[in-house]
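Hi everyone, thanks for making time for this one. I'd like to walk you through how two helices meet, and then through some ring contacts.

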Amino acid sequence: MELACRNLFVYGSLRSGFNSPAYAYISKYFTLVGHAYVKGKLYQLPQFPAGVPCDDNQLISGELYTIKVPSECSWAFAQLDDYEGVQAEEGEVPLYKRVLTTVQIEGNEEQAWIYWYNGSVENGVFIEGGDLLAYLTKNGQL
């Protein structure tokens with residue numbers, strides 16, 4: 001069964017500026033649409049970023065992608081689900097959850113899948129401005 005929505009919003013290691021192996025995967029199966037935003041708060045945890053949804057005016061900066069070959073949509077997202085820890089081992093809690101969200105891009109709204117963090121951000125560092133790439137660059141971590 002193919003997914004109805006073929007768009008993906010990314011804010012962490014899947015973004016183009018990180019040049020990670022995960023981004024190489026994204027580039028193979030998805031086309032960059034452009035820079036975009038979602039309502040949410042972004043935190044830096046010790047091992048990874050954590051985006052969480054919110055109802056206020058906080059925005060997370062990222063990129064919107066769309067699948068290149070629609071027939072590969074379910075397979076491509078299954079691979080990303082695995083990377084993001086959506087399918088947890090028995091007795092464990094999934095690290096992230098894939099959810100449809102509204103993305104703002106160039107004054108328009110699109111629907112896209114996002115990987116929201118599924119745990120506590122209590123010990124995380126809140127990223128003012130919601131841009132992980134800018135935050136890591138500013139702090140000499142990238």
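Let's start with α1 and α2: in this predicted model, their axes come within 11 Å and cross at roughly 170 degrees. Angles over 145 degrees count as roughly antiparallel, so that is how α1 runs relative to α2.

Which residues make the contact? On the α1 side you'll find Ala22, Tyr25, Ile26 and Tyr29, and α2 brings Trp75, Ala76, Gln79, Leu80 and Tyr83. Sorted by class, that contact has eight nonpolar residues, one polar residue and no charged ones.

Now for the rings. The structure holds eight aromatic pairs, and I'd like to pick out the one between tyrosine 29 and tryptophan 75. Their ring centres are 5.4 Å apart and the planes sit at 55 degrees, so we call this pair tilted. The pair also links distant parts of the chain: tyrosine 29 belongs to helix α1, residues 21–29, while tryptophan 75 belongs to helix α2, residues 73–83, and the two are 46 residues apart.

Are these two partners buried or exposed? Tyrosine 29 is buried, with a relative accessible area of 13%, whereas tryptophan 75 comes out as partly exposed at 44%. If you add Tyr25 to Tyr29 and Trp75, you have one aromatic cluster. Those three residues are also among the ones in the helix contact I listed a moment ago.

One last thing to look at, for those of you who like charges and rings: arginine 98 lies over the face of tryptophan 113, at 4.6 Å from the ring centre.

That's my tour, and I'm happy to take questions!

Definitions and conventions
Residues numbered from 1 in each chain as written. Predicted model: local features only at pLDDT ≥ 70, side-chain atom pairs only at ≥ 80, totals over all residues. Heavy atoms only, no water. Phe/Tyr/Trp six-rings, centres within 6.5 Å; stacked < 30°, edge-to-face > 60°. Helix = DSSP H or I, 4+ residues; strand = E, 2+ residues; numbered from the N terminus. Buried < 20%, exposed > 50% of the residue type's maximum accessible area, 1.4 Å probe, protein only. Lys NZ or Arg CZ within 6 Å of the ring centre and 35° of its normal. Axes fitted to C-alpha atoms, helices over the stretch in contact; angles between N-to-C directions. Parallel < 35°, antiparallel > 145°, perpendicular 65-115°, else oblique. Contact = heavy atoms within 4.5 Å. Nonpolar A, V, L, I, M, F, W, Y, C, P; charged D, E, K, R; others polar.
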